[in-house]
Amino acid sequence: MKTSLTVLAIALASFGSLMTGVALAQSRDQLQIVGSSTVFPFATSVAERFGQTTGFPTPIIESTGSGGGLKLFCAGVGTNTPDIANASRRIKNSEIETCIANGVTPVQVRIGFDGIVLANSKSGPEFNLSREQIFSALARNIIVEGKPVANPYRQWSEIDPSLPDVAIEVLGPPPTSGTRDAFVELVMHEACQDGIEENKCGDIREDGVYVDAGENDNLIVQKLAANSSAIGIFGFSFLDQNADTLHGAIVDDVKPEFENIAAGTYPIARSLYFYIKKEHVGVIPGIVEYALTFTSEGAAGEDGYLGEKGLIPLSDEDRQTVIADINNLTPVQKY
Amino acid sequence: MTDFSNQPESANTIHTGVAARRRLKARYRSEWIFKTLSFSAIGVSIAFLLFLFTTIFVQGWPAFTYNFVQLPLELNETTIGNQNGISPESIHNADYDAIVRTAIRAQFPQVSGRSAKRALSGLVSPGAPVLLREALIEDPEQLNGQKPLSLPLSDFADLYLKGQISHSEYRTGTAPVNIEASSGNFQISGTALLSALKNFTNPALQGAQQENSAFNAGIALDRDMPSILFYANGGVLKLETLGPGFASARALLPLTLTKNPEVVDWQIRLIEVPEANRNFSDQEIVWTDALVERQLVQSQFNTLFFTKGASREPEMAGILGAVVGTALTLIVTLSLSFPLGVAAAVYLEEFAPRNRWTALVEVNINNLAAVPSIVFGLLGLAVFLTFFGMPRSAPLVGGMVLALMTLPTIIIASRAALRAVPPSIREAALGIGASKMQVVLHHVLPLAMPGILTGTIIGMAQALGETAPLLMIGMVAFVVDIPGGFTDPATVLPVQIFMWADFPEPAFQQRTSAAIMVLLAFLVAMNALAVVLRKQFERRW
């Protein structure tokens with residue numbers, strides 16, 4: 001017993017040191033994808049089918065948020081950096097500069113639209129909001145009698161008597177999220193009141209009315225089910241999948257429905273993207289094939305399976321332009 | 001006690017006086033309160049634990065079975081073979097999507113229209129063609145069709161069959177009604193229908209239940225109303241409007257009409273959740289029911305859950321990838337942290353001189369035990385990935401990071417176990433001429449082993465439940481392929497649970513709870529192993 005124990009200890013120790021000393025082969029044959037949590041459900045669907053239907057291994061996808069993903073993506077070239085970054089907003093000029101400085105050339109692929117919805121529990125009141133009303137409810141400072149003051153509103157009915165008499169309580173994404181960036185751009189900046197400085201328009205109040213609910217959209221959905229007066233802000237796909245418990249608020253007289261987002265009449269919709277690292281094409285197998293699978297008729301087309309997951313497809317014409325860009329590996333331009 | 005109180009002469013002594021008895025009573029009372037509090041503490045913990053387990057069990061249990069459909073599949077030269085007949089190559093490349101699509105459409109040949117056909121094909125899981133291909137590649141014998149192949153239904157069809165979409169109520173007709181076809185629609189007339197409708201106590205149908213007013217005024221049963229289905233002559237009609245003296249309906253499943261419009265044998269069904277509020281339409285419900293009626297649907301043990309890796313389709317999602325990833329990670333963790341931890345503890349306890357340096361090391365080990373685990377993840381990212389260039393998402397790196405995290409726990413527990421070995425054992429061994437190393441290896445370490453193992457298992461259990469440090473090194477990822485080695489991309493059980501909890505499809509909620517049950521089983525197995533090993537090594541002195 002005693003000797004066997006000693007042998008065991010020594011064996012484990014040597015195995016341990018062997019493990020650390022393992023020569024780390026640096027070839028990688030599966031794609032590594034990082035980025036937005038909004039694109040994640042779509043990217044994983046495509047990746048799975050890509051692995052099933054082609055000879056390539058299934059890509060590995062991490063949900064890091066758009067900003068975090070692009071940071072990893074732009075960090076450099078080499079097998080220990082990701083090949084593709086998903087983003088729920090366009091790449092920023094500053095990010096393109098970082099990329100180029102590190103020798104990375106991003107190729108932009110637009111995959112479709114996503115509507116950002118404001119939804120609450122079916123047991124709560126139905127909301128019919130304008131973007132101005134949403135701004136009044138969520139901005140840190142609003143204009144009262146010509147002067148900016150800290151947002152005083154606590155009830156929806158204080159903003160407009162036609163709105164329900166319930167407390168303003170909004171659960172939404174944190175500042176690192178692409179959904180938040182898009183929401184701020186499409187609602188807070190669009191509906192910004194005169195008299196508030198341009199760069200202060202996007203400030204969301206921090207007095208407990210707007211609650212950062214983290215990157216987990218499902219958690220928001222569950223919290224909404226428990227609290228009938230709270231409103232959640234998240235991607236359309238989550239409303240689509242949870243239509244049994246939630247209803248979406250009408251914004252500027254347009255219902256948050258598939259057709260309206262696709263037609264461009266629903267005001268809070270943004271494009272979704274992913275970025276390919278041009279330098280990795282030909283080094284890591286399958287990058288272009290993955291991008292083409294993603295933008296194929298069967299996936300991101302009008303009746304593609306991504307539609308069932310809640311992605312609003314591009315028009316066929318736009319999709320063909322995107323496919324041409326993939327084939328030519330056109331680098332993304334600053335704007 | 002009663003004896004004393006009956007004796008007046010001792011009533012004034014310090015132990016038996018009135019004050020003394022009051023004191024005694026107070027002491028008993030506080031003791032009773034203390035005991036009750038401790039007892040209720042246990043009670044509350046058990047109640048919470050029971051509540052937790054029941055919730056997880058009730059939610060997760062349905063995930064262990066799944067509804068499969070056995071469709072007659074056309075597997076022949078034309079569908080599977082190419083110009084050279086059936087070969088392994090042609091089995092690889094056949095269009096299985098089309099085979100499955102044709103098979104389900106053959107069940108309902110009357111279905112026309114693009115969206116209706118799509119909905120019908122959607123009844124079978126999108127993973128079914130993949131499974132069919134795998135099954136045929138593995139065993140081409142199945143081509144002869146002797147053994148029917150089971151293919152998974154879609155996640156919503158499965159939820160429906162498990163009764164999780166909506167509750168339904170049935171009423172059987174007591175008297176005949178008339179059915180007439182009129183320009184694609186059907187008219188149902190007869191007072192028996194009204195009296196059957198009145199039978200339902202659904203609040204949304206209150207209007208229909210008030211006397212005859214509903215039939216007279218007419219109400220539209222739109223998507224926001226509970227659905228009413230009418231079963232007769234082997235078909236199903238969906239009631240669309242209730243008019244004066246009749247109801248108009250649309251066929252979901254064709255019914256045979258004879259010359260005589262009178263139907264004696266009929267049934268109506270109320271689906272309580274309105275169609276707008278569920279992801280499974282009346283049409284899909286009727287199709288699924290028809291498949292069940294044709295005895296094509298079977299509820300089986302969900303082997304997919306235990307043999308597949310992650311997937312975006314709930315029915316195709318399995319736990320095996322995460323279980324293998326966890327096992328690989330824990331092997332690395334154990335093989336690094338156990339020898340290092342025990343060796344460090346032995347040196348510090350048995351050999352090291354007591355001085356300022358060892359005191360400093362000791363304080364730092366205790367501090368390390370309290371460092372938040374995410375910090376170890378950052379360390380892993382900076383050192384293992386960036387500096388040493390190790391692969392992202394690999395169990396090797398995950399194991400190394402978790403080993404760093406568990407080391408202090410193991411060292412502290414091992415030192416306590418070594419200290420608990422009586423000095424007499426050491427002195428006796430030294431007394432008969434054993435060397436210091438012999439004392440440690442032959443006597444002290446075996447006696448301390450039960451304690452060391454307990455500490456190790458606690459450390460490993462901690463590592464088993466950790467996600468935060470793995471986030472930084474890329475193990476919080478969607479990995480479909482089951483890892484085959486220490487450097488393959490992998491994920492672990494808690495990460496899988498976290499990701500499933502985040503997916504929007506409702507069927508993933510069941511999978512989440514089922515995965516928690518697997519994680520608990522993993523934990524119980526590890527603890528059981530610890531108990532067995534401890535019994536094996538236990539010595540008394």
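**Figure 1. Pairing of strands β5 and β9 in chain B of the predicted model.** Strand β5 of chain B, residues 185–189, runs antiparallel to strand β9 of chain B, residues 246–253, and four bridges join the two. Within this pairing, B:F186 has B:A249 of β9(B) as its bridge partner.

**Figure 2. The hairpin of strands β8 and β9 in chain B.** Strand β8 of chain B covers residues 235–243 and pairs with β9(B) in the antiparallel sense through seven bridges. One position to locate in this pairing is B:K238, which stands opposite B:R250 in β9(B). Two residues lie between β8(B) and β9(B) in the hairpin. In the turn, B:G245 has a positive phi of about 80 degrees. In a regular strand, side chains alternate between the two faces of the sheet.

**Figure 3. An open sheet of three strands in chain B.** The strands of this sheet in chain B follow the order β2-β1-β12, and their pairing is antiparallel. The edges are formed by β2 (151–152) and β12 (297–301) of chain B; each has a single partner strand, so one side of each is left without a neighbour in the sheet. Strand β1 of chain B, residues 65–69, is joined to β2(B) by two bridges. In this antiparallel pair, B:F68 stands opposite B:P152 of β2(B).

**Figure 4. Helix α17 of chain B and its kink.** Helix α17 of chain B spans residues 395–419, a run of 25 residues. From its first C-alpha to its last, α17(B) reaches 34 Å, close to the 36 Å expected at 1.5 Å a residue. At B:T406, shortly before the proline B:P408, α17(B) has a kink of about 35 degrees. The helix is mostly covered, with 22 of the 25 residues of α17(B) buried.

**Figure 5. The contact between chain A and chain B.** Chain B gives 38 residues to this contact and chain A gives 37 residues. On the side of chain B that touches chain A, the elements giving two or more residues are α14 (320–351), α19 (436–464), β13 (477–478) and α21 (493–502) of chain B. The largest share, seven residues, comes from α14(B). Sorted by class, this side of chain B has 24 nonpolar, eight polar and six charged residues. Strand pairing also links the two chains: strand β2 of chain A, residues 60–62, and β13(B) pair in the antiparallel sense over two bridges. Here A:I61 stands opposite B:F478 in β13(B).

**Figure 6. The surroundings of A:Y335 in chain A.** A:Y335 lies in the segment that follows α14 (316–328) of chain A. With 8 other C-beta atoms within 10 Å, A:Y335 is exposed. A:Y335 and A:A263 are 72 residues apart in sequence, and their C-alpha atoms are 25 Å apart in space.

**Figure 7. Overview of chain B, for orientation among the close-up views.** The secondary structure of chain B comprises 22 helices and 13 strands. Along the principal axes, the C-alpha atoms of chain B fill a box of roughly 110 × 95 × 40 Å. The radius of gyration of chain B is 35 Å, whereas a compact globule of 541 residues would have one near 24 Å. Of the 541 residues of chain B, 39% count as buried. Among contacts in chain B between residues at least 6 apart in sequence, 71% join residues at least 24 apart.

How values were computed:
Residues numbered from 1 in each chain as written. Chains lettered and ligands numbered in written order. Predicted model: local features only at pLDDT ≥ 70, side-chain atom pairs only at ≥ 80, totals over all residues. Rg over C-alpha atoms; globule rule 2.2 N^0.38 Å. Buried ≥ 20, exposed ≤ 12 C-beta atoms within 10 Å, placed from the backbone. Contact = placed C-beta atoms within 7 Å. Pairing = 2+ DSSP bridges. Expected span 1.5 Å × (residues − 1). Bend = angle between axes of the 7 residues up to and from the residue. Nonpolar A, V, L, I, M, F, W, Y, C, P; charged D, E, K, R; others polar.
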